[in-house]
Amino acid sequence: MAAFGSGSTVSRTFAPVRNWLLMPTWLTVGIFMLLPLLLILVYSFLTKEFRGGVIWEFSLAAYDQFIFDRGLFGDAEPSIEWTYINIFLRSLVQATVATLFCLLIGFPTAYFIATRPPSTRSLWLFLITVPYWVNLLIRTVSMKFLIRESGPLNQALLGLGIIDTPLEIINTNLAVQLGLFYSYLPFMVLPIYASVERYNFSLSEAGADLYAGKWTILRRIILPSIKPGIIAGCILVFVPSLGAFLAPDLLGGAKTFMIGSLIEEQFKGNAGNWPFGSAASMILLSLVLFVLLFYARSQAREQL
Amino acid sequence: MDEINTAISIRDVKKRFGDFIAISGMSFNIRDNEFFTLLGPSGCGKTTLLRMIAGFENTSAGEIHLYGQPLENLTPNERPVNTVFQSYALFPHMNVAKNIGFGLHMLGWSKAEIQERVEQMIKTVELHEFAHRKPAQLSGGQQQRVALARAMAPKPKVLLLDEPLSALDLKLRQQMRAELKALQKTTGITFIFVTHDQEEALTMSDRIAVMSAGEVQQIGTPTEVYEQPANRFVAEFIGKTNLIEATVTEVQNDSVVCKLVTGQTINAVTAQNHSEDSSGVSPSANIIAGAQGHISLRPEQLSITEVSSSSSGLQGTLGEAMYLGTDTQFDVNLSDNVCLTVRRQNSVENSNLPEFGEVVELSVAQGAARFLAG
């Protein structure tokens, strides 16, 4: 906020030039972000065409379908439709657990990297990002091969005599969690790393000097100081996890169906329902926005 | 007796970082209630020594005792000393009161006790209106006071200050010097103050340890280290001085006669080791005729007079004069390549300045010329 304020004061005399220089940004945001969003918003209020696509006729049917059950022919007494709400809630739980999982592993990893000598840090960061040069789909499929019944994980455990029968990981929530964790861990590590690297370690020394033990220093000094990085990491993991469809599709089964897969299905092939998919997207978007707004509000209150 | 009066005892302490020797071995005592300064250029090991007392660094060899108790096996949070950090290291997410109360909270003081002590400290450092501000909302000087209050709140036996004034502007720095000194007097806490600023050291300290290249060069009161520097390093590092190459021609009881490189002869006293560890050896005992060294002459100990026929003193040609307000600084050339700096106070009586190029005589104040071996 402060940086923005001072920046705009300094460059006031260059305002016309600045607006021209910002044109590409405005165009990109407008064409590639706002316009598609607007399109989805409009589509969610249209009538569905049976082979995919839409009929340009206003309708609340998509939202209605998400929330209410009106029977097979749409004439029964409306009752709450739990199918989609449950998928939604399951997605929330999955995304939350995946975020916590990433935080639990990501924080020590980031802290470790940030406290190495500067010359070796880039090597560690490089190693963290190497898997991400491979397409997400390929990575998720390879995870499937890794954890399936006849996969190397089970073979190894069987070979070592740790288990008698292969573990059934595939098609469970755990499999989806593994997929999400593997997909999004760097998004947790990188922002926390950036925070820890900027952290002034003499604060830890000051804590020790003022009689605080190691855990107290971590809890009362280090964690509050790097909170912005932790929150950024959590958002970067939570948001894509919530809408993920590759991991639940490939690693999970019917019981692990998530909102991302639901939306994906509505636009795939001829069986889809574009207005319903758009409505589900808008509901997901509002939820994410709500979480972000809540965070922004709490941050603003803290600044006072 | 010695045990009671000694706050910190440094015994044969050495510190190596890999191949680099930060402290090559030093032993001295810091007295109870003393404002003790570790003075030296950057890289001399003064901050390393302070960090070893605080417990942030281990000693490679030797021991540090605090009121007779060895500190070796105590972690920083177990040592009853507190530090004022060079960068202040205030906790950015806590307000002033929370920062000051942090140590007390960790020591398990009750809420009421903490509140009382914090209020008292806030009053001491005059930050009443700022108790609920975050460090980022304070000026450098105010942050400095918070750091001081935070370190003093737990009533440490020894307060360690790591160049606490270096980030402040000159005026604030000068004001804080007086305040720090007063605070040390009223609280009776032993202060160990690290600085590279000789003026800071001279104005505040009871005693100064002048350090260089991981060794203590001299320990003494400000007057001692300024007026009786133990060696060439101390003479050059503290204040300004003229150093002239000289050879000892005659050793007397408590002085020597030296022949300067310019040919003149001068009577000089020899360096004495004033540290408490010095034994009763005669000052000139280890200096023999023919010894090479330097004569140190402080600019303000020299005065310019007219040449008189009876004199046997230093003569030279008057060079550039530089007006400095309270003083005027003159260059006096003893020979083509030996030039002395002379400072003369500007007062009404001696307003008749000699002129450029005139041959003048320099008289040296009694005992002001010091012979420094090496």
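Mentor: Two strands are said to pair if DSSP finds at least two bridges between them, and a strand is itself a DSSP run (E, at least two residues), while a helix is a DSSP run as well (H or I, at least four residues), both being numbered from the N terminus. The model above is predicted, so local features need pLDDT of at least 70 and side-chain atom pairs count only at pLDDT 80 or more, whereas totals for chains, interfaces and linings use all residues. Residues are numbered from 1 along each chain as its sequence is written, chains are lettered from A and ligands numbered from 1 in the order in which they are written, and side-chain values use heavy atoms, with hydrogens and water left out.

Trainee: How do you know that strand S15 and strand S19 of chain B pair?

Mentor: Strand S15 (residues 302-305) and strand S19 (residues 359-364) of chain B are joined by four bridges and run antiparallel, and four bridges satisfy the rule, so the two strands pair. One of these places is Thr305(B), whose bridge partner in S19(B) is Glu361(B).

Trainee: What pairs with S19(B) over four bridges?

Mentor: Strand S16 (residues 314-323) of chain B does, in the antiparallel sense. Here Gln315(B) has Glu361(B) of S19(B) as its bridge partner, and Glu361(B) is also the partner of Thr305(B).

Trainee: What makes S2 and S5 of chain B edge strands?

Mentor: Strands S2 and S5 belong to an open sheet of four strands in chain B, with the order S2-S1-S4-S5 and antiparallel pairing. Each of S2 and S5 pairs on one side only, and that is what makes them the edge strands. Further in, strand S1 (residues 6-17) and strand S4 (residues 61-66) of chain B are joined by five bridges and run antiparallel, with Ile8(B) partnered by Leu66(B) in S4(B).

Trainee: How do you know that S4(B) and S5(B) pair, and what do they form?

Mentor: S4(B) and strand S5 (residues 69-70) of chain B share two bridges, which just meets the minimum in the rule, so they count as paired. The bridge partners are His65(B) with Pro70(B), and Leu66(B) stands opposite Gln69(B). Together S4(B) and S5(B) form a hairpin with two residues between them, and in the turn Tyr67(B) has a positive phi of about 45 degrees.

Trainee: Why is the meeting of Glu205(A) and Arg51(B) called a salt bridge?

Mentor: The term requires a side-chain nitrogen of Lys or Arg within 4 Å of a carboxyl oxygen of Asp or Glu. The side chains of Glu205(A) and Arg51(B) come to 2.6 Å, N to O, so the pair fits the rule. The side chains also make a polar contact at 2.6 Å, a term for N or O atoms within 3.5 Å where, within protein, one must be able to donate a hydrogen and the other to accept it, and residues adjacent in sequence count only if both atoms are side-chain atoms. Glu205(A) sits in helix H10 (residues 202-209) of chain A, and its contacts (heavy atoms within 4.5 Å), leaving aside neighbours within four places in sequence, are Arg51(B), Phe56(B) and Phe85(B).

Trainee: What makes up the interface of chain B and chain A, in residues, salt bridges and polar contacts?

Mentor: In this interface 26 residues of chain B are in contact with 18 residues of chain A, with one salt bridge and eight residue pairs in polar contact, both residues at pLDDT 80 or more. Helix H2 (46-54), strand S6 (81-84) and helix H3 (96-106) of chain B each give two or more residues to the side that touches chain A, and H3(B) gives the most, with four. The area buried between the chains (accessible area, 1.4 Å probe, lost on being put together and summed over both) is about 1,800 Å², of which carbon and sulfur atoms give 60%.

Trainee: How many salt bridges lie between domain 1 and domain 2 of chain B?

Mentor: The count is zero, although five residue pairs are in polar contact there, both residues at pLDDT 80 or more. The domains, 3-225 and 228-373, have bounds that come from an automatic or database domain assignment. Their C-alpha centres lie 37 Å apart, and the contact takes 19 residues from domain 1 and 14 residues from domain 2. Between them they bury about 1,300 Å², 55% of it on carbon and sulfur atoms.

Technical notes:
Buried area = accessible area lost by both parts, 1.4 Å probe.
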